[in-house]
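This report describes one protein model, from its overall build to a set of annotated positions.

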Amino acid sequence: MKPRAFLIVMDSVGIGGAPDAGSFFNDGVPDTGANTLAHIAAACAAGRAEEGRSGPLTLPHLDALGLGAAVELASGIRPAGLGAVPQGLWGAASEISRGKDTPSGHWELAGVPVPWDWHYFSATENSFPPDLVAAVARAAGTEGILGNCHAPGTAIIERLGAEHLRTGWPICYTSADSVFQIAAHEEAFGLDRLLDLCRAIAPRLHAMNVGRVIARPFTGAPGGFTRTPNRRDFAIEPPAPTLLDWAEAAGRTTHAIGKIGDIFSHRGITHLHKGKGDADLMEHLVQLGNEAEPGSLTFANFVEFDSLYGHRRDVSGYARALEWFDTALGRFLPRLRRGDLALLTADHGNDPTWAGTDHTRERVPVLGHGLGLRPVGQVAYADVGASVAAHLGLTPPGPGRSFL
């Protein structure tokens, strides 16, 4: 029976030590010294992450694979409470793409480093050029837009949601990432209308090397607006075939869990599995542990570490999410068959103790279950995709080298 592969991205779970961190910034502060996992563990050990949980960070399954050892390899810091002797495949990966964003990280993990510089809207107010503002308004059928600034998504709908309901104008905003985001009321503006708007303007943004146009629907009334799970990313296509394309070309079944479909522009994907949150996505992963076809590839993203806790600088929430994930991992790993490989990694960091609200430039863990103890050392992001391909018996055309 052909072995299966599961590539699981713990979105933003960085482990410090990126050699080029000093050239990436949060609110003018270089990312040198950022370490998402180690700083969360330190806060937990010091009693500074007690909301909804208590005590040292407890991740027995991840630590048994080699998480604590991977953090020490990446950054020289052994995280508090993560002192297990590794029993699985373990190492740390460094990125070469010049972005600390979702597409850059995922594409490079799938064997395709980004060959261009992303376009960013650097001005925090009046962020978008007038011709783009006019084009969005025309596509929306409105006289203008709201926002036109850098903002956290939840904060801007609280601030501008009532005006949006009154005027019907879409709320447009960005961040330190290469993104153009549009928030609109799912009922008053219409979900299909919002998706059509994003779809219509995405080619213009992609031509500017803006990585993603993101639809951010919400519901509710003033004082009680809530974002819905119907987010949709319209991402620029990867510039070359990725791991998903390699598998599809070889006739393999591929399963995409969570944001993977949007990140890869739905290329190379046989089955898409979505949900209202990471808990739903974990149920998909557990089920696929039982049911995924021989020789198949499952590629999963768990986003809430990043979206709910990293950007909001919520240390306790991030720690709770890590402990929940570790417990759920204990349900998934026993379902793997002899010869299967599960690789767990991340796409970038998002240190909730750091300045600003942006991602942080960090190395990421590479942890594996299914091949026994195997220290792989310092590797490249692209080596992850090459290794998954090698496990599946594929020949990757990309720059990565298998560490299996």
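How many helices and strands does the secondary structure of the protein come to? The model is a predicted one, and its secondary structure comes to 13 helices and 16 strands.

**Overall build**

The C-alpha trace spans about 60 × 50 × 35 Å along its principal axes. The radius of gyration is 21 Å, which agrees with the value near 22 Å that a compact globule of 404 residues would have. Of the 404 residues, 59% count as buried. Contacts are mostly long in sequence terms: among those between residues at least 6 apart, 69% join residues at least 24 apart. The protein exposes about 14800 Å², and carbon and sulfur atoms supply 52% of that area.

**The annotated positions**

An unreviewed UniProt entry places the feature "binding site" at D306, H311 and H359. These residues are spread over 54 residues of sequence, yet they cluster in space, with a largest C-alpha distance of 8.4 Å. The lining of the largest pocket includes D306, H311 and H359. The annotation may be inferred rather than shown by experiment.

Two of these positions, D306 and H311, are set out below.

| Residue | Location | Relative accessible area | Class |
|---|---|---|---|
| D306 | helix α11 (residues 304-310) | 5% | buried |
| H311 | loop between α11 and α12 (315-332) | 24% | partly exposed |

Why is D306 classed as buried and H311 as partly exposed? The cut-off for buried is under 20% relative accessible area, and partly exposed runs from there to 50%. D306 has 5% and is therefore buried, whereas H311 has 24% and is therefore partly exposed.

**Contacts around D306 and H311**

Which residues does D306 touch, not counting those up to four places away in sequence? D306 touches D11, S12, H311, H348, N350 and H359. This list includes H311 and H359, which carry the "binding site" feature along with D306 in the UniProt record.

With neighbours within four places in sequence left aside, H311 is in contact with D306, N350, T357, D358 and H359. N350 is thus a contact of D306 and also of H311. For T357 there is a further detail: the side chain of H311 reaches the backbone oxygen of T357 at 2.7 Å.

Notes: Residues are numbered from 1 along each chain as its sequence is written. This is a predicted model: local features need pLDDT of at least 70, side-chain atom pairs count only at pLDDT 80 or more; totals for chains, interfaces and linings use all residues. Side-chain values use heavy atoms; hydrogens and water are left out. On a 1 Å grid over the protein atoms alone, a cavity is a set of points where a 1.4 Å probe fits but cannot get out, and a pocket is an open set with protein on both sides within 12 Å along at least five of seven lines; lining residues have an atom within 4 Å of a point. Helices (H or I, at least four residues) and strands (E, at least two) are DSSP runs, numbered from the N terminus. Buried means under 20% relative accessible area, exposed over 50%, partly exposed in between (1.4 Å probe, protein chains only). Contact means heavy atoms within 4.5 Å. A polar contact is a pair of N or O atoms within 3.5 Å; within protein, one must be able to donate a hydrogen and the other to accept it, and residues adjacent in sequence count only if both atoms are side-chain atoms. The radius of gyration is taken over C-alpha atoms; the globule rule is 2.2 Å times the number of residues to the power 0.38. Accessible areas come from the Shrake-Rupley method with a 1.4 Å probe; for residues, only the protein chains shown count as cover.
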